Amino acid sequence: MDTTLVPPWLELVLNTSFFNVCRIHGDAARSECNMFCLDCNCDAFCFYCRSSRHKDHQVIQIRRSSYHDVVRVAEIQKVLNISGVQTYVINSARVLFLNERPQPKSGKGVVHICEICGRSLLDPFRFCSLGCKLVRIKRNGDASFALDDRNNAIAMEGGSRQQEEKLREGSQQDMYPGTHLPPTSNARRRKGIPHRAPFGS
């Protein structure tokens, strides 16, 4: 594959399993492996591994949304041209998905869809994830991950106000699995006072 279009570490990131417990720091509080070093191109590692073995390296952190891996745009756009990939705002941070997410066939009225998997998109982008953009590059070579500041700026300015809304699916979930927002006060309120039927005579 042409490394001018696709950096050698990208496929490794897309195929890496994140959020497993670190074998070295398993007893620590922040031991989930949610980081990847672009210099070492090794397996995922945890917060403590970064401090000890990747201190001065180029590292990206992977996060979770609705059980799918995402990366913050602010981190990934420094090392990758993300133009054409749909971005979302989750928990006040703009992110994009690493890989394709299964979805039933798009319904009527869907205007924008991913060129690779057909997933419906909120805005006029070409791809739903970095993985789908990679597939397109392999097939046609008519896209690129090579950094071009001008193209990235256009990509970030593009789209509509819908980009500022949180994901429609699971938008209230935290980026980390196992943590949930507290229920609203309405969720605990009873519908009314139960009344028993009078005793028969």
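This short presentation describes the fold of one protein chain and then some of its individual residues.

Good morning, colleagues. The structure before you is a predicted model, and the values I quote are computed from it. The protein chain holds six helices and seven strands. Along the sequence, these elements follow the pattern α-β-α-β-β-α-β-β-β-β-α-α-α. Of its 201 residues, 39% count as buried. If we consider contacts between residues at least 6 apart in sequence, 54% of them join residues at least 24 apart.

Let me turn to the sheet. Five strands form an open sheet in the order β1-β2-β3-β5-β4, and their pairing is antiparallel. Strands β1, residues 35–37, and β4, residues 88–90, stand at the edges with a single partner strand each, so one side of each has no neighbour in the sheet. On average, and ignoring direction, neighbouring strands are turned by 45° against each other.

We may now follow the pairings across this sheet. As a general matter, strands of a sheet pair through backbone hydrogen bonds, either parallel or antiparallel. Here, β1 and β2 are joined in the antiparallel sense over three bridges, and Cys-37 has Val-59 of β2 as its bridge partner. Between β2 and β3 there are four bridges, again antiparallel; one bridge partner here is Asp-69 in β3, which is matched with Arg-64. These two strands form a hairpin with two residues between them, and Ser-66 in the turn has a positive phi of about 50°. Strand β3, residues 68–72, also pairs with β5, residues 93–97, in the antiparallel sense over three bridges. There, Val-70 has Phe-97 of β5 as its bridge partner.

Strand β2 deserves a closer look. How many of the seven residues of strand β2 are buried? Seven of the seven are, so this strand, residues 59–65, is largely enclosed by the rest of the structure. In a regular strand, side chains alternate between the two faces of the sheet. In β2, Val-59, Gln-61, Arg-63 and Ser-65 point one way, while Ile-60, Ile-62 and Arg-64 point the other way, and all are buried.

I come next to the aromatic residues. The structure holds two aromatic pairs. Phe-47 and Tyr-48 make an edge-to-face pair, 5.2 Å centre to centre with 80° between the planes. Phe-47 is partly exposed at a relative accessible area of 29%, and Tyr-48 is likewise partly exposed, at 28%. The other pair is formed by Tyr-88 and Phe-97, whose ring centres are 5.6 Å apart and whose planes stand at 80°, so this pair is edge-to-face as well. Tyr-88 is buried, with 4% relative accessible area, and Phe-97 is buried at 1%.

Two arginines also belong in this account. Arg-30 lies over the face of Phe-47, 3.8 Å from the ring centre. The charged end of Arg-101 sits over the ring of Phe-97, 3.6 Å from its centre.

Finally, I draw your attention to Ser-129. Where is the place of Ser-129? This serine is in the loop between β7, residues 120–121, and α4, residues 130–139. Ser-129 counts as buried, with 0% relative accessibility. The side chain of Ser-129 reaches the backbone nitrogen of Cys-132 at 3.2 Å. Leaving aside neighbours within four places in sequence, Ser-129 is in contact with Val-85, Phe-97, Leu-98, Asn-99 and Glu-100.

Phe-97 has thus appeared as the bridge partner of Val-70, as the ring beneath the charged end of Arg-101 and as a contact of Ser-129. Thank you for your attention.

How values were computed: Residues numbered from 1 in each chain as written. Predicted model: local features only at pLDDT ≥ 70, side-chain atom pairs only at ≥ 80, totals over all residues. Heavy atoms only, no water. Pairing = 2+ DSSP bridges. Axes fitted to C-alpha atoms, helices over the stretch in contact; angles between N-to-C directions. Phe/Tyr/Trp six-rings, centres within 6.5 Å; stacked < 30°, edge-to-face > 60°. Buried < 20%, exposed > 50% of the residue type's maximum accessible area, 1.4 Å probe, protein only. Lys NZ or Arg CZ within 6 Å of the ring centre and 35° of its normal. Polar contact = N/O pair within 3.5 Å; in protein donor to acceptor, adjacent residues only side chain to side chain. Contact = heavy atoms within 4.5 Å.
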